[in-house]
Amino acid sequence: MQALPLHAEDGYDLWLRYRPLPAADARAWQAAASQLVAADATPTQAAALAELNRGLEGLLGTAPARVSTVRRDGALVLGTPASSPLVAGLRLDAATLGREGYLIRSVRIDGHAATVIAGNDDIGVLYGVFAFLRRMLEGRASTGIDLRDAPRVQLRLLDHWDNLDRSVERGYAGQSLWDWHKLPGHLDPRYTDYARANASLGINGTVLNNVNAKALSLTAPWLEKAAALADVMRPYGIRVYLSARFSAPIEIGGLDTADPLDPAVRRWWRDKADEIYRLIPDFGGFLVKANSEGQPGPQDYGRSHADGANLLAAAVAPHGGIVMWRAFVYSHEQPDDRAKQAYSEFVPLDGSFARNVIVQVKNGAIDFQPREPFHPLFGAMPKTPLMMEFQLTKEYLGFATHLAYLGTLYEETLRADTHVQGEGSTVLRVVDGSLHGHGLTGMAGVANIGSDRNWSGSIFDQANWYAFGRLAWNPAQSARDIAAEWVRMTFTADPRFVAPVVDMMMASHEAVVDYMTPLGLHHLMARGHHYGPAPWDAGSERADWDPVYYHRADARGIGFDRTATGSNAVAQYAAPLAAGFGDVHRVPEKYLLWFHHVPWDFRLASGDTLWNELAHRYTRGVDEVRAMRATWAGLSAHVDAERHRQVANFLAIQQREAQWWRDASLAYWQSLNRLPLPAGEVPPPHPLSWYQSLSFPFAPGH
Ligand code: BDP
């Protein structure tokens with residue numbers, strides 16, 4: 001019998017849902033964890049102890065007795081060799097764990113069975129506590145434990161696109177979590193829960209404000225607010241970072257230039273950094289979006305991205321800070337294929353960035369589309385550390401309501417082979433630094449978190465936060481394993497629930513690709529808010545903001561020719577890959593229309609024409625959502641009514657919108673190619689003009 005919760009569940013607890021374990025599991029763990037030896041002298045030790053008590057109390061009904069020596073079986077021993085004589089006495093092989101790694105092991109102490117959770121530093125112990133609780137939540141064995149783990153990536157960050165007025169750019173989960181107006185005086189307890197959730201995944205940094213930054217956030221009152229948040233995050237191993245506006249020296253510094261080579265500008269940034277570090281001694285550094293989509297930057301003064309990055313890097317270097325300089329650039333004046341621009345601008349700068357600069361690169365060369373080939377910058381700048389930027393918030397994937405598990409998207413990108421140093425030169429090895437021997441490594445996720453009770457706008461969107469964090473810790477983990485972990489922790493470890501839900505999650509991203517942008521299509525969403533289909537959109541102030549720029553469809557064919565006969569973007573990939581992508585018969589079908597313009601009657605591997613296959617894919621996507629709904633409907637016995645209902649409602653919305661994407665897209669393509677739908681395909685219920693007439697003036701996130 002599943003115990004019923006006292007109050008309805010709203011998803012607030014995330015995957016840290018410490019509800020009573022099934023009785024047999026509870027008895028076993030009770031025997032293994034009835035006493036606790038742990039220090040609480042530092043804030044991080046106190047956090048570890050509090051979390052463990054909270055978890056055990058929830059899962060087992062009682063917190064363990066705090067003891068100082070092990071006199072009977074069933075003790076948990078927490079600590080570092082320095083903080084705990086018991087841990088030191090075990091002579092654990094902790095050398096390879098680094099500062100953040102941990103080990104959990106079943107041991108004997110003075111003849112008694114015990115479990116040790118140890119690290120070289122308090123933060124390792126805290127991570128170990130979360131791993132221990134995960135083990136319990138997942139319904140695993142309480143004995144014979146021998147676990148060790150350490151992160152493979154150094155900077156594991158969330159980027160909040162949060163504005164100072166609490167709106168969130170591309171946010172679909174309510175307002176910003178940061179209640180700036182009440183800071184620093186009032187610290188919402190949610191900040192601590194945010195820190196706990198992140199620490200449970202090993203996320204160790206948070207960029208508080210939008211990359212489209214206001215200089216105001218670097219003024220004294222706002223720095224005090226940031227410092228208050230940093231104080232909350234610190235015990236959880238999380239450093240605070242800020243997005244910096246390049247023109248801040250003018251806007252808040254009274255200078256008449258922000259030229260990175262100007263001595264007064266350099267002094268201003270040094271002084272600003274000193275001021276920040278006085279308030280936030282462990283401040284992580286700056287994230288910068290410059291000369292991109294209208295943001296100011298070094299090019300305004302004829303200087304390069306490296307000049308700009310090195311300016312800020314010099315300011316934070318004395319304090320151990322870093323600069324994350326974004327490669328998401330494409331210029332107003334540049335007529336070249338937008339997919340090529342970041343590579344063209346950044347590759348020549350390889351080797352000219354300061355040692356504490358890391359270039360932050362989106363997973364694909366356009367912009368977080370439902371599917372993109374990996375960004376050609378990965379592997380192409382061997383002398384520069386590059387970090388991955390994924391988007392968790394589903395700006396291009398149906399906003400909060402569409403169920404799209406992104407673990408598979410992240411995995412697909414990380415495992416892609418750049419071939420820059422022969423086979424096996426995966427994006428993952430660029431990101432973890434092993435390909436080119438970089439120590440500074442990182443992965444950032446554009447957060448999907450807001451003030452909604454369920455944090456992420458939907459229960460299943462929590463899985464994307466979870467998957468991002470787990471992959472940032474170890475990018476080699478499998479998306480399927482991570483999904484299974486999340487399902488067990490968030491709902492139940494019952495395999496009758498876990499198996500179908502994991503299958504559903506694993507197929508979900510592909511379903512969205514199918515009903516939105518099949519076969520390599522991209523950037524077909526409506527302008528501005530990006531909600532819904534608008535493949536017909538044209539005539540905005542920039543050609544490369546329009547869907548027609550990307551699909552290039554007409555009566556004869558469809559797709560963006562990025563081969564040598566077109567923009568030649570393929571040439572930015574390593575030779576063997578470029579040859580494959582550039583060959584219309586060898587390119588993976590999922591990228592066909594990304595790299596090629598082909599006639600509507602082009603024959604695919606299936607033997608079918610492109611047009612017919614396109615129609616089938618759209619329909620397949622809608623069908624998959626219908627199947628997800630049916631699966632979910634059949635699982636109500638395993639989930640509390642409140643969460644079950646919300647997911648069911650959202651799936652219904654998703655099905656309706658998937659159908660809309662299919663119908664609107666097919667109606668538009670048919671208006672160009674005048675081809676009949678393949679046999680068995682249901683025609684769109686409305687004329688094209690109906691789909692074109694829809695408007696959504698208050699769509700969120702914009
Ligand atoms: C685009 C978003 C825009 C962001 C931009 C960025 O539509 O809101 O500012 O990315 O990453 O996808 O800077």
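In this predicted model, the chain splits into three pieces: domain 1 covers 23–149, domain 2 covers 155–480, and domain 3 is put together from 514–560 + 597–693. Measuring from C-alpha centre to C-alpha centre, domain 1 and domain 3 sit 50 Å apart.

Helix H2 is a good place to start a closer look. H2 takes in residues 43–60, and its length checks out: at 1.5 Å a residue, its 18 residues should span 26 Å, and the end C-alpha atoms come out 25 Å apart, so the two figures agree. Right after H2, Gly61 adopts a positive phi of about 95 degrees.

A fair list of H2 residues is buried: Thr44, Gln45, Ala47, Ala48, Leu49, Glu51, Leu52, Gly55, Leu56, Gly58, Leu59 and Leu60. What do these buried residues pack against? On the helical side, the partners are H1 (23–32), H4 (122–137) and H5 (189–201). The strands E1 (35–37), E2 (65–66) and E3 (75–79) are packed against as well.

Then there is the sheet. Six strands make up an open sheet, running in the order E2-E1-E3-E5-E4-E6 with mixed pairing. E2 and E6 (146–149) are the edge strands, each pairing on one side only. Further in, E4 (residues 102–109) and E5 (residues 112–118) pair up antiparallel, with 7 bridges between them. Val107 has Ala114 of E5 standing opposite.

Technical notes: Residues numbered from 1 in each chain as written. Predicted model: local features only at pLDDT ≥ 70, side-chain atom pairs only at ≥ 80, totals over all residues. Heavy atoms only, no water. Domains from an automatic or database assignment. Helix = DSSP H or I, 4+ residues; strand = E, 2+ residues; numbered from the N terminus. Expected span 1.5 Å × (residues − 1). Buried < 20%, exposed > 50% of the residue type's maximum accessible area, 1.4 Å probe, protein only. Contact = heavy atoms within 4.5 Å. Pairing = 2+ DSSP bridges.
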